[in-house]
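Student: Could you walk me through one part of this protein up close? I'd like to hear about the aromatic side chains and whatever sits around them.

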Amino acid sequence: MDPLQFLVPFGWLSAVGPALPYAILVMAVANMGTRHLAHRRHVEQAKEGDAVEQYGPHTVTNFGLALLSFLFAVHQPTGGTILSFLVVTMIIADLFEFEARNVEARNDMTVEAPKSAIVTSGLVLLYASYYSLFFLVEGFWNQAIVA
């Protein structure tokens, strides 16, 4: 008997659970793409005015990554918790970087790339890749690391 079966009635999660790492990987790649597009848009907005606005698709990918990582934490507690921690850190970095872009736009400074958010989203992408594409290195891992 699963100890969470009465607390979290997600019977459907056991059916989609094995596909969650691949969905997270796709969402992490989409997040990197929308991050690039958002930065280009912020640079254009800073040239035109005194403020920048949130980029909608990037906000959607952030929310999607958070939702998928929390679902993954229910399916695989250890890996999902690590991934959730990374995703929440990425979202916090995004919030601070967005405010920094607003300050740069108001003060007519050059709009820099969101460096801390790029690093944390890279870590999310790296961990999601490791978790979903582990079958590619499993043979080497078992020979070199486990043995």
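Tutor: Sure, and keep in mind that this is a predicted model. Let's start with Y130, which has a relative accessible area of 38% and so is partly exposed, as that falls between the 20% and 50% cut-offs. Its ring pairs edge-to-face with F134, with 5.5 Å centre to centre and 75° between the planes. F134 is also partly exposed, at 21% relative accessibility.

Now for the wider picture. Searching the whole structure turns up four aromatic pairs. Another one is Y127 with Y131: the ring centres are 5.9 Å apart and the planes sit at 45°, so this pair counts as tilted. Both tyrosines belong to helix α5 (residues 115-132), and they are four residues apart, about one turn of the helix. Y127 is buried, with 16% relative accessibility, whereas Y131 is partly exposed at 29%. Add F72, and you have one aromatic cluster made of F72, Y127, Y130, Y131 and F134.

What else do these rings touch on? There is one cavity of 30 Å³ or more in the structure, and the largest cavity has a volume of about 40 Å³. F72, Y127 and Y131 are among its lining residues, along with P21, I24, L83 and A128. Two elements, α2 (20-48) and α5, each give two or more residues to that lining. Helix α5 gives the most, with three residues. As for chemistry, the lining has seven nonpolar residues, no polar and no charged ones.

Key:
Residues are numbered from 1 along each chain as its sequence is written. This is a predicted model: local features need pLDDT of at least 70, side-chain atom pairs count only at pLDDT 80 or more; totals for chains, interfaces and linings use all residues. Side-chain values use heavy atoms; hydrogens and water are left out. Rings of Phe, Tyr and Trp (its six-membered ring) pair if their centres lie within 6.5 Å; planes under 30 degrees apart count as stacked, over 60 as edge-to-face and the rest as tilted. Buried means under 20% relative accessible area, exposed over 50%, partly exposed in between (1.4 Å probe, protein chains only). On a 1 Å grid over the protein atoms alone, a cavity is a set of points where a 1.4 Å probe fits but cannot get out, and a pocket is an open set with protein on both sides within 12 Å along at least five of seven lines; lining residues have an atom within 4 Å of a point. Grid points are joined across faces, edges and corners, and a volume is the space filled by probe spheres set on the points. Ala, Val, Leu, Ile, Met, Phe, Trp, Tyr, Cys and Pro count as nonpolar, Asp, Glu, Lys and Arg as charged, and the others, Gly among them, as polar.
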